[in-house]
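Welcome, and please take a moment to look over the model below. The notes that follow go from the whole chain to the sheets, the cores and a few single residues.

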Amino acid sequence: TVHTVPWPHPGHADLTLTLRPPGTVRGQRHRGRGGLVLWQDPTSYLMVNTWLDDDFAGSSVSVFFHLDGFEDVFDAVWVNVGDGIAHGTDYRLRTVLDDGHLLVAVDDTPVLYRHLTDVEPRTTGLAVTRVGLLANWEWGTDTGTLFHRLEARTRSPQVAGS
């Protein structure tokens with residue numbers, strides 16, 4: 001499930017979302033799958049989300065790529081962030097896409113960096129036309145992530161002669 005708004009800067013998006021995963025402690029059978037989506041059109045988008053579940057002692061951030069009409073769920077890129085994301089505790093998920101370079105950070109700590117061609121070598125890139133919130137299905141549905149604050153930044157305009 002996604003909720004998006006128009007984005008006027010197709011080559012660059014810098015989003016920080018403050019989320020609170022559901023529950024208060026492990027063992028309550030809650031699953032956190034909240035995150036962000038960068039959308040070009042129905043054939044090209046990427047989803048960045050939390051994976052927090054009782055089935056695994058840690059937590060992770062996952063990125064799913066749907067590029068030029070192609071997606072393979074097993075091509076998703078994920079990173080274990082240990083206890084960096086916890087039930088009932090706010091954290092900031094930052095996603096920056098700059099001319100095909102993707103950077104993801106948790107609470108200002110970079111945790112993942114890829115170029116889109118690392119995942120899909122034939123991709124023509126991603127021209128972001130919409131950005132938004134995501135409740136993803138990743139081996140289980142989200143059970144109540146709260147979305148608190150979305151900050152969006154663009155590149156500063158170049159000053160002539162600099």
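Two strands are taken as paired if DSSP finds at least two bridges between them. With that in mind, Thr50 stands opposite Val61 in β5. Please keep in mind that this is a predicted model. The protein chain has 1 helix and 11 strands, and the bullets below walk through how they are arranged.

**The chain as a whole**

- Read from the N terminus, the elements of the protein chain follow the pattern β-β-β-β-β-β-β-β-β-α-β-β.
- The radius of gyration of the protein chain is 16 Å, close to the 15 Å given by the globule rule for 162 residues, so the chain is as compact as a globular protein of that length.
- Along the principal axes, the C-alpha atoms of the protein chain fill a box of roughly 55 × 35 × 25 Å.
- Of the 162 residues in the protein chain, 43% count as buried.
- The protein chain exposes about 8300 Å², and carbon and sulfur atoms supply 55% of that area.
- If you take the contacts in the protein chain between residues at least 6 apart in sequence, 65% of them join residues at least 24 apart.

**The sheet of 6 strands**

- This open sheet has the strand order β1-β10-β3-β4-β5-β6, with antiparallel pairing.
- β1 (2–6) and β6 (77–80) stand at the edges with a single partner strand each, so one side of each has no neighbour in the sheet.
- From one strand to the next, the twist averages 15°.
- Strand β4 (residues 44–51) and strand β5 (residues 60–66) run antiparallel and are joined by 7 bridges.
- On the other pairing of interest here, β5 and β6 are antiparallel over 4 bridges.
- Ser62 is a handy residue to follow: in β5, Ser62 is the bridge partner of Asn49, and in β6 the bridge partner of Ser62 is Trp78.

**A closer look at β5**

- How many of the residues of β5 are buried? The count is 7 of its 7 residues, and β5 is mostly covered.
- Ser60, Ser62, Phe64 and His66 point one way from β5, while Val61, Val63 and Phe65 point the other way, and all are buried.

**The sheet of 5 strands**

- A further open sheet has 5 strands in the order β9-β8-β7-β2-β11, and its pairing is antiparallel.
- At its edges stand β9 (109–115) and β11 (146–153), each with a single partner strand, so one side of each is left without a neighbour in the sheet.
- The twist in this sheet averages 15° from one strand to the next.
- β2 and β11 run antiparallel, with 7 bridges joining them.
- Thr16 stands opposite Glu151 in β11.

**Nonpolar cores**

- The largest nonpolar core has 30 residues, and those with the most contacts inside it are Leu38, Leu46, Val61, Phe65 and Leu93.
- At least two residues of this core come from each of β2 (12–20), β3 (34–41), β4, β5, β6, β7 (91–98), β8 (101–106) and α1 (116–119).
- β2 gives the largest share of this core, with 4 residues.
- Leaving out residues up to four places away in sequence, Leu46 touches Leu36, Val37, Leu38, Val63, Phe64, Phe65, Leu102, Leu116 and Leu126.
- Apart from the largest core lies another core of 5 residues, among them Val37, Tyr45, Met47 and Phe64.

**Two residues to compare by eye**

- Is Thr95 buried or exposed? Thr95, found in strand β7, has a relative accessibility of 1% and counts as buried because the cut-off for buried is under 20%.
- Not counting residues up to four places away in sequence, the residues that Thr95 touches are Ala13, Asp14, Leu15, Leu36, Leu38, Val48, Leu102, Leu103 and Val104.
- Gly88 lies in the loop between β6 and β7, and Gly88 is partly exposed, with a relative accessible area of 29%.
- Although Gly88 and Leu19 are 69 residues apart in sequence, their C-alpha atoms are 9.3 Å apart in space.
- With residues up to four places away in sequence left out, Gly88 touches Arg20, Pro21, Pro22, Gly23 and Thr24.

Conventions:
Residues numbered from 1 in each chain as written. Predicted model: local features only at pLDDT ≥ 70, side-chain atom pairs only at ≥ 80, totals over all residues. Heavy atoms only, no water. Axes fitted to C-alpha atoms, helices over the stretch in contact; angles between N-to-C directions. Core = buried A, V, L, I, M, F, W, Y, C linked by side-chain atoms within 4.5 Å. Buried < 20%, exposed > 50% of the residue type's maximum accessible area, 1.4 Å probe, protein only. Contact = heavy atoms within 4.5 Å. Rg over C-alpha atoms; globule rule 2.2 N^0.38 Å. Areas by Shrake-Rupley, 256 points an atom, 1.4 Å probe, with all protein chains shown as cover.
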